Amino acid sequence: MTNSQTSVLHTSSLPAAAASDRFWWRRLLVWAAVLGLSLLISWPRPAYAAAASSLGGSLFESHCAGCHVNGGNILRRGKTLKLAALERNGLGGPEAIAAIAAGGIGQMGGYGAVLGEGGAELVGDWVWQQALRNWAAESPNA
Ligand code: HEC
């Protein structure tokens, strides 16, 4: 390689290197945007989406979650909708929960009227499924 060739190589590659140096942050930005977007799309959406994706779940969100957020009970600590509590209190299935949803129990009033035709059964089924899954879809961090 002669001297003139090396100098040509240098001078022609310099601007290109400078240009790509100047725009590295743009590429980073694009990558970050792509990464963010794909995370957003593929991220499991446990809380709201899972609840609202079924009718029972959205009934629960509207009429029960105020007191039973994540299957708990903000008023009576021992009367949660967790499997252990339900079984301890003799509620061994979706029908028992539906009956309480419609007719109430103790301090809790009945919600039969607002839940509508078949609503108590839907919400009872949904609560029972959540209890079996330990309310995992509602509270991934709990
Ligand atoms: C205003 C607050 C409130 C709302 C809203 C509410 N609950 Fe309750 N729930 C309670 C209280 C308080 C208890 C405990 C009642 C008692 O035994 O005295 C309870 C108990 C229960 C139990 C029995 C739990 C156990 O471990 O024994 C079930 C099942 C239940 N609720 C389901 C529902 C469903 C389904 C809805 C929605 C349709 C709902 N609740 C709405 C306050 C509420």
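This report walks through the ligand shell, one helix pair and a loop glycine in a predicted model.

Let's start with the ligand. A shell of 26 residues surrounds the ligand, and the closest are C64, C67, N89, G106 and M108. Three helices each give two or more residues to that shell: α5 (83-88), α6 (94-103) and α8 (119-132). Of the elements, α6 gives the most, with three residues. As for chemistry, the shell leans on 16 nonpolar residues, joined by eight polar and two charged ones.

Now for the helix pair. Helix α4 covers residues 55-63 and packs against α8 at an angle of about 95°, with the two axes 8 Å apart. Angles of 65 to 115 degrees count as roughly perpendicular, so α4 is roughly perpendicular to α8. On the α4 side, the contact is made by L55, G56, G57, L59 and F60, while α8 brings in G119, L122, V123, D125, W126 and V127.

Here is how the residues of the two groups divide:

| Group | Nonpolar | Polar | Charged |
|---|---|---|---|
| Shell around the ligand | 16 residues | eight residues | two residues |
| Contact of α4 with α8 | seven residues | three residues | one residue |

Last up is G104, which sits in the loop between α6 and α7 (112-115). Is G104 buried or exposed? G104 has 13 other C-beta atoms within 10 Å, so it comes out as partly exposed. Leaving aside residues up to four places away in sequence, G104 touches G109 and G110.

Terms used:
Residues are numbered from 1 along each chain as its sequence is written. This is a predicted model: local features need pLDDT of at least 70, side-chain atom pairs count only at pLDDT 80 or more; totals for chains, interfaces and linings use all residues. A residue is near a molecule or strand if its C-beta atom, placed from the backbone, lies within 6 Å of it. Helices (H or I, at least four residues) and strands (E, at least two) are DSSP runs, numbered from the N terminus. Ala, Val, Leu, Ile, Met, Phe, Trp, Tyr, Cys and Pro count as nonpolar, Asp, Glu, Lys and Arg as charged, and the others, Gly among them, as polar. Axes are lines fitted to C-alpha atoms, for helices over the stretch in contact, and angles run from 0 to 180 degrees between N-to-C directions. Angles under 35 degrees count as roughly parallel, over 145 as roughly antiparallel, 65 to 115 as roughly perpendicular and the rest as oblique. Two residues are in contact if their C-beta atoms, placed from the backbone, lie within 7 Å. A residue is buried if 20 or more other C-beta atoms lie within 10 Å of its own, exposed if 12 or fewer, and partly exposed in between; C-beta atoms are placed from the backbone.
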